[in-house]
Amino acid sequence: MSMHQPSYVMGQHGGHQPPGSWQQVHMQMPLVSQRGGATKYEPLADGDNTSSEVRSGVLLCCGTCCGGFILILIGYAAILFGFLNNFQAWSIQNPNNPVSRLYQPYLDMVEGFWAMNPLYLDRQRLLYGNNFMVAGQVVLGDFDSVETALTSPQGRTTNLGASPMIVKHLPKVKDGSSLTFLLALSDQGAGGNGNHGKFKAALDTVIFNHAAGARQADDTAARLLRELGAEYEQLSREGAAGMQKFFESPENGWMRFMVRYMHYVLLGMNPDDEEATALLTQAYYSVGGAVHYLEPLGWLKSSQVEGIMERVTQLYVSSPAMQEHPGALPEYNYLTNTETSKLLTAMMCIAAMQGPYQLGLRLMAYKKLPDLESAKKAGLAPPSSIDMGEQWDALDLDNDEAIELHILETSRLYMAVSAVHRVSQEPFTANVAGADREFPAGTVVNVPMSLAMLDPQKWGETRYQFNPQRAGLRENTMAFNEVGNRHAGRACPGKGVSLTMLSDVLQEVGAARRRVLGISP
């Protein structure tokens, strides 16, 4: 479904002008002269017998506009806090209705912002069941529906999950004629023209390749891990303030490691280049970040962030990995080095520098798992009650299999990417807002992995418990935009790098933690 933009035509109301309209006030001003097609007017002199009529017209015009604006705001408030789910179910069924066109785009932005909170979708499912509306999308939240979506070709639009994106900020080919941003490109078989597969192939060839795997296993990567462990050990002895500095300061600890490690492994960049590290930290953490691409907050500091992103692109263009770019070949739809670098800048900002960082905060017990209302409603302990520090301390740090399952179970309870979306290719029927409703082709469907990973029909009564040994975990994980290893071409290309990095971090930092706590290895 395409995004609807409200249109405003000043003074047009069924072909006639209402009393006090801006055209009438305009015509009441005394004409002085007309030159070169431009008509000039001068203010009425004091005492002129038409001045009170003009003032009345102006006041009436202002009053009408203000009154109309207030009524629209009241309408928004009534929808947002009164019948949001029902209104959107009707609105998406009737996308061309003037009321839909007036309200829905702004509801998309507001509720899309709310839906970035991992607790929001859980609360909505508690209220409405597996199917409901969010930000102009139909949520189909049972495991089977999400599984089908992730293993089938997907149509896409310019949304990040439930949140509308700023098209101007997304990467494009040089002439601006088409987007290169993978998350907004449809698959062939779902309305796409093949660009998604070709542009993804360019990234896989240049970035997610054997050279990256070799760097991840070499001495430089090992040194960065040791430095992270040593810094954790030092700052943990400073108590809560030290841990806050380690996990939240862009110039220290976890963020600094993410910047240096990821850019060394993926691009071969020098992790000791402090100037480059400072720029990348600005782009992805301290100034920029994923919000740069999201409506409406992404417009804040827009020009400043755009300048930083352009400098990052140039940094990528000259990186060792990009120097191996094979050139504008037909199998990549002629994507150039610079265009690939622009694409990578957006993907790093939205995915690679955010997902592993957020998941790492939970794995290393700095942030709690979600405090889900659905668990409390069911009379069960929510994931927030799980002591992740205790789980980490009991983990066998020499067992790679156990560590990977520990990561997958953590990501089941906390999905760093909680939802994606697809565009329906044909009409479909779903029970939403208490009724079976038919939605038109082009409807945007929310694909909530976070809900599927807690579906009681799939995971049973133990769904909120932490159990890395649970049956079917590896085969059914959706942590990387796939189901186990099953997908239709949209699995996260950084899955291997992320899993290896997080596993190595849990081992290295876990050993440092045990030294501080006096726990035997």
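Two strands count as paired when DSSP finds at least two bridges between them. With that criterion in mind, the tour of this predicted model can begin at a strand pair.

**Stop 1: the hairpin of β3 and β4**

Select Val 134 and Gln 137. Val 134 stands opposite Gln 137, which belongs to β4. The two strands, β3 and β4, pair in the antiparallel sense over four bridges. Next, display the turn: two residues lie between the strands of this hairpin, and Ala 135 takes a positive phi near 50°.

Now colour β3 by burial. Asn 131 and Met 133 lie on one side of the strand, with Phe 132 and Val 134 on the other; all are buried, and both faces of β3 are therefore covered.

**Stop 2: the sheet and its helices**

Widen the selection to the whole sheet. It is an open sheet of four strands in the order β3-β4-β10-β7, with mixed pairing. The edges are β3 (131–134) and β7 (420–423); each has a single partner strand, so one side of each is left without a neighbour in the sheet. On average, neighbouring strands are turned by 35° against each other, direction ignored.

In the middle of the selection, inspect β4 (residues 137–140) and β10 (residues 444–447), which run parallel and are joined by two bridges. Which residue of β10 is the bridge partner of Val 138? The partner is Val 445.

Add two helices to the view. Helix α5 (residues 118–128) packs on the sheet and touches β3 and β10, its direction making about 130° with that of β3. Helix α6 (residues 143–150) also packs on the sheet, where it touches β4, β7 and β10; its direction makes about 110° with that of β10.

**Stop 3: aromatic pairs**

Keep α6 and show the aromatic side chains. The count of aromatic pairs comes to 13. In one of these, the ring centres of Phe 143 and Trp 459 are 6.4 Å apart and the planes stand at 80°, so the pair is edge-to-face. Phe 143 lies in helix α6 and Trp 459 in helix α21 (residues 456–459), so the pair ties together parts that are 316 residues apart in sequence. Are these two residues buried or exposed? Both Phe 143 and Trp 459 are buried.

For an aromatic cluster, select Tyr 232, Phe 246, Phe 247, Tyr 366 and Trp 392, which are linked by ring pairs.

**Stop 4: α9 against α11**

Two packed helices are described by the angle between their axes and the distance between the axes. For helix α9 (residues 219–236) and helix α11 (residues 253–267), the angle is about 180° and the axes are 10 Å apart. That makes α9 roughly antiparallel to α11.

On the α9 side, select Thr 220, Ala 221, Arg 223, Leu 224, Leu 225, Glu 227, Leu 228 and Glu 231; on the α11 side, Gly 253, Trp 254, Phe 257, Arg 260, Tyr 261 and Tyr 264. By class, this contact has eight nonpolar, two polar and four charged residues.

Centre the view on Arg 260, a residue of α11. Its relative accessible area is 11%, so Arg 260 falls in the buried class. Neighbours within four places in sequence aside, Arg 260 is in contact with Arg 223, Leu 224, Glu 227, Pro 271, Asp 272 and Thr 277.

**Stop 5: α19 across α23**

Move to helix α19 (residues 400–413) and helix α23 (residues 495–517), whose axes come within 10 Å and cross at roughly 110°. The two helices, α19 and α23, are therefore roughly perpendicular to each other. Asp 400, Ile 403, Glu 404, His 406, Ile 407 and Leu 408 of α19 make the contact with Leu 499, Leu 502, Ser 503, Leu 506 and Gln 507 of α23. By class, there are six nonpolar, three polar and two charged residues.

**Stop 6: α3 and the loop after it**

Select α3. Seven of its ten residues are buried, so α3 is largely enclosed by the rest of the structure. The buried residues are Leu 84, Asn 85, Phe 87, Gln 88, Ala 89, Ser 91 and Ile 92.

Continue to Asn 94, in the loop between α3 (84–93) and α4 (98–114). Asn 94 has 30% relative accessibility and counts as partly exposed. Add Pro 440: its C-alpha atom is separated by 8.7 Å from that of Asn 94, although the two residues are 346 residues apart along the chain.

**Stop 7: the whole chain**

Finally, zoom out. The chain contains 23 helices and ten strands. Of its 521 residues, 50% are buried. Among contacts between residues at least 6 apart in sequence, 69% join residues at least 24 apart.

Key
Residues numbered from 1 in each chain as written. Predicted model: local features only at pLDDT ≥ 70, side-chain atom pairs only at ≥ 80, totals over all residues. Heavy atoms only, no water. Axes fitted to C-alpha atoms, helices over the stretch in contact; angles between N-to-C directions. Parallel < 35°, antiparallel > 145°, perpendicular 65-115°, else oblique. Contact = heavy atoms within 4.5 Å. Nonpolar A, V, L, I, M, F, W, Y, C, P; charged D, E, K, R; others polar. Phe/Tyr/Trp six-rings, centres within 6.5 Å; stacked < 30°, edge-to-face > 60°. Buried < 20%, exposed > 50% of the residue type's maximum accessible area, 1.4 Å probe, protein only.
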